Amino acid sequence: MNTARTKPEISLKLKIWEYFLFFTAVVFLLLWFFQIVFLENFYEGMKITDVKRAAIDIIYAYGKEENYSNMLTETTLKNDMCIEVSDKYNRTLYSKDALGKTCLIHGPNSRKSEFIETLKASGKTAVYYKEYNSTISSNTLILVSYIGSPSNPNGYLIINTPLVPIGSTASIIKRQLITITFFLIVIGITIAFFMSRRISEPITRITKSAEQLVAGHYDIKFEGQGYLEIQQLASTLTYASQEISRVDSMQKDLIANVSHDIRTPLTMLKAYAEMIRDISGNNPKKRNEHLDIIIEETDRLALLVNDILDLSKLEAGKQNLNYSEFSITELMKDIIARYDGISKKSGYNIHFTSDSDRTVKCDIIKIQQVIYNLINNAINYTGEDKAVYVRQINKPKSIRIEVSDTGPGITQEDINLIFDKYYRSENHKREVVGTGLGLSIVKAILKKHSYDFGISSVIGQGSTFWFEITDIVRTKEKRYTKKEK
């Protein structure tokens with residue numbers, strides 16, 4: 001008894017629901033993290049960036065802008081700053097203030113000289129730093145920069161702007177986020193529930209249909225409405241169920257036909273063996289007749305078994321092709337000659353016509369088997385005139401072999417299935433020669449060679465089976481003829 005524990009399975013609906021909630025939670029955590037934890041750093045970084053950008057614009061416009069004073073005023077008011085531009089002797093040239101008493105550059109408590117000395121002591125082109133301003137009880141940002149080069153300055157630029165405490169702002173944002181989070185969690189749970197249900201429902205329907213298919217209901221139709229991929233899966237499974245149904249039906253027919261074909265020779269073997277034992281054992285003439293029948297039925301039984309084995313090996317890819325060069329015309333003449341016996345005995349007329357001789361390179365045994373099976377099939381289904389027509393037609397890049405009968409023809413529906421394994425036409429009649437698996441073997445061999453093959457048929461006029469050999473060997477005579485041309 002298997003005592004191994006299996007891992008508990010989780011439904012797709014629950015899994016989608018979990019993933020969606022996890023995604024929602026991650027989004028909220030990131031939002032809280034950046035809005036609350038990094039809000040102050042983000043604000044300070046933006047403020048420093050704004051001050052640097054304003055300093056670059058002011059220094060660049062120095063001595064070039066006609067309305068320089070207006071530009072300073074606009075920059076001051078826009079960025080909530082106090083700005084002073086001095087000459088190289090530290091004399092004020094332009095001064096703009098949007099801070100009033102909180103400005104550290106202007107007024108009786110001006111630290112302008114201190115800031116410039118800090119710049120000179122740094123050895124840099126510009127310095128910026130923050131320090132606590134007791135007047136506003138918060139930090140303030142100071143930027144001091146040379147106008148021109150440090151060795152020969154044209155003047156100095158000083159900018160002062162407060163770093164407003166954002167604790168109250170963060171508190172407001174936090175309360176707002178709490179409210180938003182609550183409502184979004186409720187909405188997220190609701191959306192996750194309906195989304196998981198909508199996605200899982202077609203898969204659940206497909207699973208139930210698959211259970212019916214396993215139970216043997218091959219006519220089941222899979223439905224996967226809602227999503228393209230699921231609909232494609234449903235269509236594929238529906239097609240698979242139809243194919244399984246067809247193959248199951250044909251397999252049952254095959255078992256019935258093969259069972260009949262095997263039972264008949266076995267019955268005759270037993271019957272004639274008993275006749276030899278009980279009746280003709282002492283009569284040489286009768287005994288030999290009965291032994292001949294036993295040998296014929298044994299050969300027929302062996303042929304059936306060999307065909308089944310050959311077909312299985314071909315379809316499993318266990319038979320390799322042994323390529324050799326041979327004359328296709330001579331091979332076909334030899335095959336037709338072997339039918340002289342059945343022609344004389346049963347009145348069949350096999351007509352063979354061919355174009356000029358051609359040499360090919362393929363598996364002679366397998367191609368011979370193909371031609372035999374096509375001729376046997378034509379003999380089994382030809383009309384009352386018992387005529388079979390075999391043709392070799394040479395093409396520039398291939399050799400086409402055709403085998404035609406004068407039988408009742410094949411419907412288009414049967415043409416699409418005639419080469420399938422297990423398939424038997426409704427017009428099937430008892431074989432004169434062969435085992436009933438010939439066309440399946442033909443298909444397997446030709447596909448192994450990668451040769452084109454097919455059938456054309458007209459109801460009431462007969463059918464023509466064909467295949468084309470593309471492995472042609474160009475003879476010396478042909479090359480010589482080409483040079484002559």
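**Close-up views of a predicted model**

**View 1. A salt bridge between Glu131 and Arg111.** Arg111, at 23% relative accessibility, counts as partly exposed (buried means under 20% relative accessible area, exposed over 50%, and partly exposed in between, with a 1.4 Å probe and protein chains only). Before you go further, please note that this is a predicted model, in which local features need pLDDT of at least 70 and side-chain atom pairs count only at pLDDT 80 or more, while totals for chains, interfaces and linings use all residues. Residues are numbered from 1 along each chain as its sequence is written, and side-chain values use heavy atoms, with hydrogens and water left out. The partner of Arg111 here is Glu131, and their closest N and O atoms are 2.3 Å apart (a salt bridge is a side-chain nitrogen of Lys or Arg within 4 Å of a carboxyl oxygen of Asp or Glu). Because Glu131 belongs to strand 3 (residues 126-133) and Arg111 to the loop between strand 2 and helix 4, the pair ties together parts that are 20 residues apart in sequence (helices, H or I of at least four residues, and strands, E of at least two, are DSSP runs numbered from the N terminus). Glu131 counts as buried, at 19% relative accessibility. The structure holds 10 salt bridges, and two further views show others.

**View 2. A salt bridge inside helix 2, between Arg53 and Asp50.** Look for Arg53 and Asp50 three residues apart, about one turn of the helix, within residues 39-61. Their closest N and O atoms are 3.3 Å apart. Arg53 is partly exposed, with a relative accessible area of 47%, and Asp50 is partly exposed as well, at 28%. Ala54 shares helix 2 with them, but Ala54 is buried, with a relative accessible area of 6%. From Ala54 you can also step across to Leu72: these two are 18 residues apart in sequence and 9.3 Å apart in space, C-alpha to C-alpha.

**View 3. A network of salt bridges that includes Glu468 and Lys395.** The linked residues are Arg391, Lys395, Arg400, Glu402 and Glu468. Within this network, the side chains of Glu468 and Lys395 meet at 2.8 Å, N to O. Glu468 sits in strand 12 (residues 462-469) and Lys395 in the loop between strand 9 (387-394) and strand 10 (399-405), so this pair ties together parts that are 73 residues apart in sequence. Glu468 is buried, with a relative accessible area of 12%, whereas Lys395 is partly exposed, at 31%.

**View 4. The disulfide between Cys82 and Cys103.** The sulfur atoms of Cys82 and Cys103 are 2.2 Å apart (a disulfide is a pair of cysteine sulfur atoms within 2.5 Å). By this rule the count comes to one disulfide. The torsion about the S-S bond of Cys82 and Cys103 is about 85°, so the disulfide is right-handed. Cys82 lies in strand 1 (residues 82-87) and Cys103 in the loop between strand 2 (92-97) and helix 4 (112-122), so the pair ties together parts that are 21 residues apart in sequence. Cys82 is buried, with a relative accessible area of 0%, and Cys103 is buried at 4%.

**View 5. A nonpolar patch on the surface.** Ile180, Phe182, Phe183, Leu184, Val186, Ile187, Ile191 and Met195 make up the patch, with about 710 Å² of accessible area together (areas come from the Shrake-Rupley method with a 1.4 Å probe, and for residues only the protein chains shown count as cover). Patches are made of residues with over 30% relative accessible area and no salt bridge; like charges are joined within 9 Å, and nonpolar side chains (Val, Leu, Ile, Met, Phe, Trp, Tyr) within 5 Å. A handy landmark is Ile191, which you will find in helix 5 (residues 167-214). Ile191 counts as partly exposed, at 38% relative accessibility.

**View 6. A patch of negative charge on the surface.** Glu289, Asp292, Glu296 and Asp299 gather here (Lys and Arg count as positive and Asp and Glu as negative; His and the chain ends are not counted). The place of a charge is taken as NZ of Lys, CZ of Arg, CG of Asp or CD of Glu. Start from Glu289, which is in helix 7 (residues 284-315). Glu289 is partly exposed, with a relative accessible area of 37%.

**View 7. Positive phi values at Asp80 and Asn90.** Most residues other than glycine have a negative phi. Phi of Asp80 is near 55°, and phi of Asn90 is near 70°. Asp80 is in the loop between helix 3 (68-79) and strand 1, while Asn90 is in the loop between strand 1 and strand 2. Asp80 counts as partly exposed, at 33% relative accessibility, and Asn90 is partly exposed at 22%.
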